Structure formats: structure tokens, C-alpha cells
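Please look through the structure shown here with some patience, turning it as you read. The briefing takes one helix and one sheet as its starting points.

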Amino acid sequence: VAFASVQAGFAIASIAGLIKRRRAERSRRVNEEGFRLLLNATPVMLWSAGPDRQCTNVNRARLDFTGRPIEAELGEGWTEAVHPDDLRRYREIFAEAFDRRESFRMEYRLRRHDGEYRWILDTGVPDGFGGYVGSAIDVTELKLASVALSSLSRRLLQSHEKERAFIATKLTEDLYQRMTELTLQLHSLS
């Protein structure tokens with residue numbers, strides 16, 4: 001009876017342990033699924049790279065932006081949509097930050113699903129496990145606004161300079177006219 005009681009106790013403990021492990025595994029899966037939903041729901045492009053500098057994951061925003069399947073983005077595939085003129089600098093900044101285990105921030109052009117290249121601000125940080133995680137946002141509109149503001153500022157300065165020149169000319173003409181009148185008056189007085 002004592003032996004059967006001990007065996008029953010072990011069986012109950014084993015079953016309880018199994019139930020606890022299954023609950024923990026189910027909870028972990030739910031947490032992972034929730035985290036994946038969160039990552040895919042955000043409008044920011046998110047990515048991760050492993051210790052080999054190869055892309056290991058991207059979220060739905062990145063896939064929607066490029067219009068490429070995840071298989072095309074993984075490994076070295078994530079560099080294929082980078083503008084050819086920006087690719088060398090992109091690789092250098094990433095490799096240098098990776099070697100130093102430092103955060104980085106860079107701008108480059110990325111081909112969107114419709115073929116248009118858009119300016120991207122990409123930020124990456126070491127993840128503590130030998131790889132990187134990062135986020136990227138489309139800053140094209142901001143860059144265009146900055147260019148427009150710069151152009152407007154330049155035109156405003158040019159307009160201001162023209163106005164100054166015009167006022168200076170008018171003042172000079174007025175001064176010459178008064179001097180001429182004074183000269184004539186002096187001649188008539190003399």
C-alpha cells in the first residue's frame with residue numbers, strides 16, 4: 001500500500017509537472033503570437049539580422065512596402081531593393097556598426113512595390129545575441145519638404161536682395177536729384 005501510494009504520488013507529480021509545462025508552452029506560444037501580431041500591425045518596417053549579418057526576419061510593413069515575399073527578403077535578399085547608388089555606403093555603415101557592436105542610423109533609397117525609390121531612415125541596434133534588430137521609416141515626404149523649404153528660403157533671400165537693391169537705387173536717385181537741385185540753387189544764388 002505504501003509503495004502504491006508513493007508511485008501514485010510520483011504519477012500525480014509527473015502529471016502536474018506535465019500540465020505545468022504544457023501551460024507554460026501554451027502561454028509562450030500565445031505570447032509569441034501576440035508579439036508577432038504586434039510586429040505585423042505596426043506601420044514601421046522592422047527587421048532582424050543574425051550574427052552572420054544575414055536578414056533573419058522582417059515584418060509585414062517591410063513586405064508590403066517592397067512588395068516582395070519574405071523568402072526574397074531573408075539572407076542577403078534584403079539588400080536587393082536598396083538603390084544601386086546607395087548600396088555600397090549602406091553595406092559599409094552596417095558592417096562597421098556590426099563590427100563595433102554599435103547602434104547606427106542611416107538614410108538610403110529603397111525600391112517600393114511600385115518601382116519608385118523612396119528615402120528611408122533606418123536605425124539598428126545590437127540585440128545582445130550577436131545580431132541586430134532595427135526599424136525603418138519612409139522619410140521621402142520630409143526630405144521633399146526640406147528641399148522645398150530650402151528653395152523657398154533661397155528665393156526669399158533673393159527677393160529680399162532685389163528689394164534692397166531697388167530701395168538703394170531709389171534713394172540714390174532721390175539723393176542725386178536733391179543734390180542737383182541744391183547745386184542749381186547755389187549757382188543761382190552766386
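What follows describes a helix, the sheet it packs on, and the nonpolar core, all in a predicted model.

**Helix H4**

- Helix H4 runs over residues 84-100, which makes 17 residues, and it reaches 25 Å from its first C-alpha to its last, close to the 24 Å expected at 1.5 Å a residue.
- The buried residues of H4 are Asp 86, Tyr 90, Phe 94, Ala 97 and Phe 98.
- Because these residues cover an arc of only 100° around the axis, they lie on the same side of H4.
- On the face of H4 that is turned away from the buried side, one finds the exposed residues Arg 88, Asp 99 and Arg 100.
- Just after H4 comes Arg 101, a residue that takes a positive phi of about 55°.

**The sheet**

- Five strands form an open sheet in the order S2-S1-S5-S4-S3, and their pairing is antiparallel.
- Strand S2 (55-58) and strand S3 stand at the edges with a single partner strand each, so one side of each is left without a neighbour in the sheet.
- Neighbouring strands of this sheet are turned against each other by 25° on average, if direction is ignored.
- As a general point, the strands of a sheet pair through backbone hydrogen bonds, and this can happen in a parallel or an antiparallel way.
- S3 and S4 pair in the antiparallel sense over eight bridges, and Tyr 108 stands opposite Ile 120 in S4.

**Helices packed on the sheet**

- H4 packs on the sheet, where it touches S1, S3, S4 and S5, and its direction makes about 150° with that of S3.
- The buried residues of H4 pack against strand S1 (45-49), strand S3 (104-111), strand S4 (117-126) and strand S5 (132-138).
- Helix H5, which covers residues 140-189, also packs on the sheet, touching S3, S4 and S5, and its direction makes about 115° with that of S4.

**The nonpolar core**

- The largest nonpolar core has 22 residues, and of these Trp 47, Phe 94 and Leu 110 touch the most other members.
- The elements that give two or more residues to this core are S1, S2, helix H2 (60-66), H4, S3 and S5.
- If residues up to four places away in sequence are not counted, the residues that Leu 110 touches include Met 45, Phe 65, Ala 81, Val 82, Tyr 117 and Ile 120, and among them are also Arg 62, Glu 116 and Arg 118.

Definitions and conventions: Residues numbered from 1 in each chain as written. Predicted model: local features only at pLDDT ≥ 70, side-chain atom pairs only at ≥ 80, totals over all residues. Heavy atoms only, no water. Helix = DSSP H or I, 4+ residues; strand = E, 2+ residues; numbered from the N terminus. Expected span 1.5 Å × (residues − 1). Buried < 20%, exposed > 50% of the residue type's maximum accessible area, 1.4 Å probe, protein only. Arc of directions from axis to C-beta. Contact = heavy atoms within 4.5 Å. Pairing = 2+ DSSP bridges. Axes fitted to C-alpha atoms, helices over the stretch in contact; angles between N-to-C directions. Core = buried A, V, L, I, M, F, W, Y, C linked by side-chain atoms within 4.5 Å.
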